[in-house]
Amino acid sequence: MSETSEPVIEARGLHFRAGASHILRGIDLTVEHGEVVALLGANGSGKSTLVKSLVGINVLSEGTVRLLGRPLGPGRRGATVDWGRIGYVPQRAGAAGGIPSTAQEVVASGLLHGRRLRLPRGWRDRVGAALEQVGLADRVHDPVHLLSGGQQQRILIARALVREPDLLVLDEPVAGVDMASQEAFAATMARLVDGGLTVLVVLHELGELEPLVTRAVVLRHGKVVHDGAPPPARHDHDRAGHRHQHPHADDNALDSAESRALDLEVRP
Ligand SMILES: Nc1ncnc2c1ncn2[C@@H]1O[C@H](COP(=O)(O)OP(=O)(O)OP(=O)(O)O)[C@@H](O)[C@H]1O
Ligand SMILES: [Mg+2]
């Protein structure tokens with residue numbers, strides 16, 4: 001729980017450049033306590049770049065970020081972000097990383113951050129509980145490189161959950177995860193959100209998380225083009241793989257999530 005009334009995420013004027021590419025082009029984003037914000041947009045629109053910038057993996061060219069009331073980067077008197085309260089699930093990273101670690105070891109690594117280099121008391125129980133939340137409690141001693149891609153993704157979710165974070169930032173957490181596990185993930189998220197968790201989640205489809213999502217932010221070419229109500233639920237014919245035709249679909253990379261989101265009135 002955030003004990004301040006400050007937003008959980010407060011990003012102002014974010015720009016990210018890599019060489020000649022100007023990838024984030026002036027993004028403002030505020031996420032309040034208890035919100036579940038879906039970050040949508042076509043492939044290459046800058047979603048991963050934005051979340052990596054928010055969690056300090058990308059070094060911003062311009063702009064400021066505050067997380068849970070603390071500034072990202074070297075703050076005054078060392079008042080930097082409290083990473084122990086923030087969980088992050090990267091996009092399609094795989095949990096194995098070429099090292100034959102067990103599920104328990106990978107999830108336990110989520111308890112280490114910043115200057116915390118020793119596992120806290122009771123870490124085994126916390127790791128077990130996090131694995132339980134993603135339905136992999138029975139794989140605790142298995143080497144993660146022997147788990148399937150979807151199971152490895154669920155290990156990464158457990159690694160973020162084990163911190164019992166106040167803010168979860170997830171980059172396509174259920175891509176490649178089967179429907180039953182997506183439902184279980186949505187149920188876990190619903191319980192955590194009920195307990196006060198704030199979520200920023202990159203998604204291509206709202207899917208099982210739809211009932212939880214309170215707001216959608218849509219990126220296009222590194223800018224926010226919609227910030228407001230989530231796009232309407234998909235119809236069954238969409239699920240069968242039909243592409244929604246949109247009058248503004250002049251961008252050949254426009255995907256269905258952006259297209260449907262843009263059906264909504266774009267807030268001035
Ligand atoms: N460090 C970098 N150097 C050069 N280009 C980069 C860098 N990081 C991102 N990009 C480019 O920025 C654009 C946005 O990438 P990003 O990964 O943020 O897209 P995305 O919205 O997450 O897409 P997807 O839906 O495919 O995951 C892409 O064209 C990508 O190639
Ligand atoms: Mg991405």
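How do the residues of the shell around ligand 1 divide into nonpolar, polar and charged? I opened the notebook with this point, keeping in mind that the model is predicted, and I found three nonpolar, eight polar and two charged residues in that shell.

**Entry 1: the surroundings of ligand 1.** I looked up which residues surround ligand 1 and noted 13 of them, the closest being Gly44, Lys47, Ser48, Thr49 and Gln91. When I asked which element gives the most to this shell, I arrived at helix α1, residues 47–54, which supplies three residues.

**Entry 2: polar contacts of ligand 1.** I then went through the oxygen atoms of the ligand and wrote down that a polar side-chain atom of Lys47 lies 2.7 Å from an oxygen atom of ligand 1. On the backbone side, I noted a polar atom of Gly46 at 3.0 Å from an oxygen atom of ligand 1, and likewise a polar backbone atom of Ser45 at 3.2 Å from an oxygen atom of the ligand. For the surface I recorded that ligand 1, taken alone, exposes 650 Å², of which the protein buries 60%.

**Entry 3: the magnesium ion.** I turned next to ligand 2, the magnesium ion, and listed its protein donors as Ser48, through OG, and Gln91, through OE1, which lie 2.0 to 2.2 Å from the ion. Because Ser48 lies in helix α1 while Gln91 sits in the loop between β6 (86–89) and α2 (103–109), this pair ties together parts that are 43 residues apart in sequence. I also checked how accessible each donor is: Ser48, with a relative accessible area of 17%, counts as buried because it falls under 20%. Gln91, with a relative accessible area of 24%, is partly exposed.

**Entry 4: the strands.** Leaving the ligands, I followed strand β1, residues 9–18, and saw that it pairs with strand β2, residues 21–31, in the antiparallel sense over eight bridges. Within this pairing I marked Ala18 as standing opposite Ser21 in β2. The hairpin of β1 and β2 has two residues between the strands, and there I noted that Gly19 takes a positive phi near 60°.

I then asked what else is paired with β1, and found strand β4, residues 62–67, again in the antiparallel sense, over five bridges. As a point of reference for this second pairing, I wrote down that Glu10 stands opposite Arg66 in β4.

Definitions and conventions: Residues numbered from 1 in each chain as written. Chains lettered and ligands numbered in written order. Predicted model: local features only at pLDDT ≥ 70, side-chain atom pairs only at ≥ 80, totals over all residues. Heavy atoms only, no water. Near = heavy atom within 4 Å. Polar contact = N/O pair within 3.5 Å; in protein donor to acceptor, adjacent residues only side chain to side chain. Areas by Shrake-Rupley, 256 points an atom, 1.4 Å probe, with all protein chains shown as cover. Helix = DSSP H or I, 4+ residues; strand = E, 2+ residues; numbered from the N terminus. Nonpolar A, V, L, I, M, F, W, Y, C, P; charged D, E, K, R; others polar. Donors = N, O, S within 2.8 Å, 3.2 Å for Na, K, Ca; no water. Buried < 20%, exposed > 50% of the residue type's maximum accessible area, 1.4 Å probe, protein only. Pairing = 2+ DSSP bridges.
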